[in-house]
Amino acid sequence: MKCKRCGETAAVKLPSHHAGFCPDCFELFFKRQVETAIRRHAMIAPGEKVLVAVSGGKDSLALMRVLSDLGHDVAGLHVHLGIPDSSDPVCARTEAYCRENGFALHVLRMAELGLAIPKVKDAVHRPICAVCGKIKRHYFNRFAYENGYAALATGHNLDDETARLFANVLRWDEAYLGGQGPSLPAEGRFVRKIKPLYRLTEFETAAYCFLKGIDHWKAACPYSGGASFTSHKRLLADLEYTSPGQKTAFYEAFLAKGRQHFRGEGNDAGPVLQPCARCGYPSSAEVCGVCRIRSLVEKAGA
Amino acid sequence: MITVTLGTNNTPATFEKIKTVLQLLNNLHLRVNDALVIRDGELLTPDRHLRPGDHVAIRPVVSRG
Ligand code: SF4
Ligand SMILES: [Zn+2]
Ligand SMILES: [Zn+2]
C-alpha cells in the first residue's frame, strides 16, 4: 500500500479515511486532526497557557507532544496516586519523558494531601475508580485554576468519546448528553476542559506514539478490573469494521445535531453548585466530595 | 516460520504458512486497527508480505485504566 500523499510505502492504513500514510505524512495527518479539533471548538486562543493531564499512558504523552509541536504553551500535571508498585514507576517514566523532551511537568502527590489511593480504597465503601476519578478531576482543575491556566487538556480519543456517547444514549441520560463534548467552557472555578485528540482513534494515537518514539507506560493500574467501556468499544469497533467512518460520523452528528436538544438539561436536572465550605471549589453539597473523602481517610487512620 | 510476540507476552508464538500481515491478524482474530504490527522497527500495513525468518511484534492498542 502506498502513501496517499507522497506515494512512499505506507506504514499506517486508515480505512475510516480511505487512506494509507507513510510515517511523515501520518504525522502531518495527526497534527491536522488536532488543529481542526482546536479550531472548530475554539479550544485554545493564541497565547493561552494549557495544562495537560498526564497519566503517563499513550494518549496523554501524545497530547503533550502534539500540542507542543503545534506551538502551544503547555505544561503537564501528573497526579501520583500512591499505589504501591505502580505509581512510582509510572511517575518516574513520565518525568523522564518530559525531561528528555523539555516539557514542564508538575507532580502532585496524593499521599502528601492525605489521599493516597490505597488508603482511600480502605476508607471509602464505593468502587475505587469512581472515587479516584473524582479526586483526579478535582486536582487537575484546581491546579489549573490556581496557576492561571486557561484550559485543562485531557487525552480522551475518539474511541473514548464514542463509547461514552453510546453509553449515554443507551440510558438516554439527558444531563450527561447535554454536558458531553470536546470542549466545555470555563465556569466559576472550573477552567475550560478540552479534548484535542477527540478526532483521533486509539489506533492512530498508538501509531503516532510508536512513530514518534514516545515510550509510554503500558501496564494497567492494579485496581482496574477491566475498563468499564470495553464492551461498548468492541461493539463500536464491529460497526466501524463493517462501515468505516461510522464512529466519527456518530460523534460529529451528535455535536452538530443532537447535543443542542439536551442543552440545559444538566442545569435543570443537577443540583445547584455552591463553593465547598472547606476548599472553596464548586460542590453540590456544603462540603465537596473530595473533602469528605479526606475526612473519611483521616477517621479510618485515627 | 514466522516468530510473533503478542503484547507484553514474553513467549513468542510461531506460525507456518502465513504470507501477509492480514493473514497473521486474521489468525489472531485481530482487525486492521486493533493492533500495531512491527517488524525491525517498522510499522506494517495489512497488505505487507511476511517472509520465513521474520520476527514480528503485535501490540494491541486498547488502552487500559
Ligand atoms: S484504574 Fe481506577 S484506581 Fe487505577 S488510576 Fe484508574 S481510576 Fe484510579
Ligand atoms: Zn507520505
Ligand atoms: Zn472541598
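This text goes through the metal sites, a ligand shell, the empty spaces and two loop residues of the structure. The model is predicted.

Begin with the zinc ion that is ligand 2. Its donors are the SG atoms of C3(A), C6(A), C22(A) and C25(A), at 2.3 Å. The angles among these 4 donor atoms run from 100 to 118 degrees, and the site is tetrahedral. Four donors count as tetrahedral if all angles lie between 85 and 135 degrees, so the range of 100 to 118 degrees fits that label. Along the sequence, the donor residues follow the spacing C-x2-C-x15-C-x2-C. Two of these donors can be set side by side: C3(A) has a relative accessibility of 5% and counts as buried, whereas C6(A) has a relative accessible area of 43% and is partly exposed. The labels rest on cut-offs: buried means under 20% relative accessible area, and partly exposed lies between that and the 50% above which a residue is exposed.

The other zinc ion to look at is ligand 3. Here the protein donors are C276(A), C279(A), C288(A) and C291(A), each through SG, and they lie 2.3 to 2.4 Å from the ion. This site is tetrahedral as well, with angles of 106 to 113 degrees among its 4 donor atoms. The donor residues are spaced C-x2-C-x8-C-x2-C in sequence. C288(A) has a relative accessible area of 4%, so it is buried. C291(A) is also buried, because its relative accessible area is 6%.

Next comes ligand 1. The residues around ligand 1 are L81(A), C129(A), C132(A), K136(A), C221(A), Y223(A) and S224(A). Sorted by class, this shell has 5 nonpolar residues, 1 polar residue and 1 charged residue.

Now turn from ligands to empty space. Rolling a probe the size of a water molecule over the atoms shows where such space is left. The structure holds 1 cavity of 30 Å³ or more. The largest cavity has a volume of about 90 Å³. Its lining consists of 15 residues, and those nearest its centre are F203(A), V32(B), A35(B), L44(B) and T45(B). The elements that give two or more residues to this lining are β1 (12-14) of chain A, and α1 (21-27) and β3 (35-39) of chain B. Of these, β3(B) gives the most, with 3 residues. By class, the lining of the largest cavity has 12 nonpolar, 2 polar and 1 charged residues.

The second largest pocket has a volume of about 560 Å³. It is lined by 27 residues, with D159(A), A237(A), K247(A), N33(B) and D34(B) nearest its centre. Four helices of chain A give two or more residues to the lining: α6 (158-170), α8 (202-211), α9 (230-242) and α10 (246-258). The most come from α9(A), which gives 6 residues. The lining of this pocket divides into 11 nonpolar, 6 polar and 10 charged residues.

Last, look at two loop residues of chain A. A42(A) sits in the loop between α1 (23-40) and β3 (49-53) of chain A. Its phi is near 45 degrees, a positive value in a residue other than glycine. A42(A) counts as exposed because its relative accessibility is 57%. W172(A) lies in the loop between α6 and α7 (174-179) of chain A. The phi of W172(A) is likewise near 45 degrees, a positive value in a residue other than glycine. At 56% relative accessibility, W172(A) also counts as exposed.

Note on methods
Residues numbered from 1 in each chain as written. Chains lettered and ligands numbered in written order. Predicted model: local features only at pLDDT ≥ 70, side-chain atom pairs only at ≥ 80, totals over all residues. Heavy atoms only, no water. Donors = N, O, S within 2.8 Å, 3.2 Å for Na, K, Ca; no water. Tetrahedral: all angles 85-135°; square planar, octahedral: opposite > 155°, others 65-115°. Buried < 20%, exposed > 50% of the residue type's maximum accessible area, 1.4 Å probe, protein only. Near = heavy atom within 4 Å. Nonpolar A, V, L, I, M, F, W, Y, C, P; charged D, E, K, R; others polar. 1 Å grid on protein atoms, 1.4 Å probe; cavity = no way out; pocket = protein on both sides within 12 Å on 5 of 7 lines; lining within 4 Å. Points joined across faces, edges and corners; volume = space filled by probe spheres on them.
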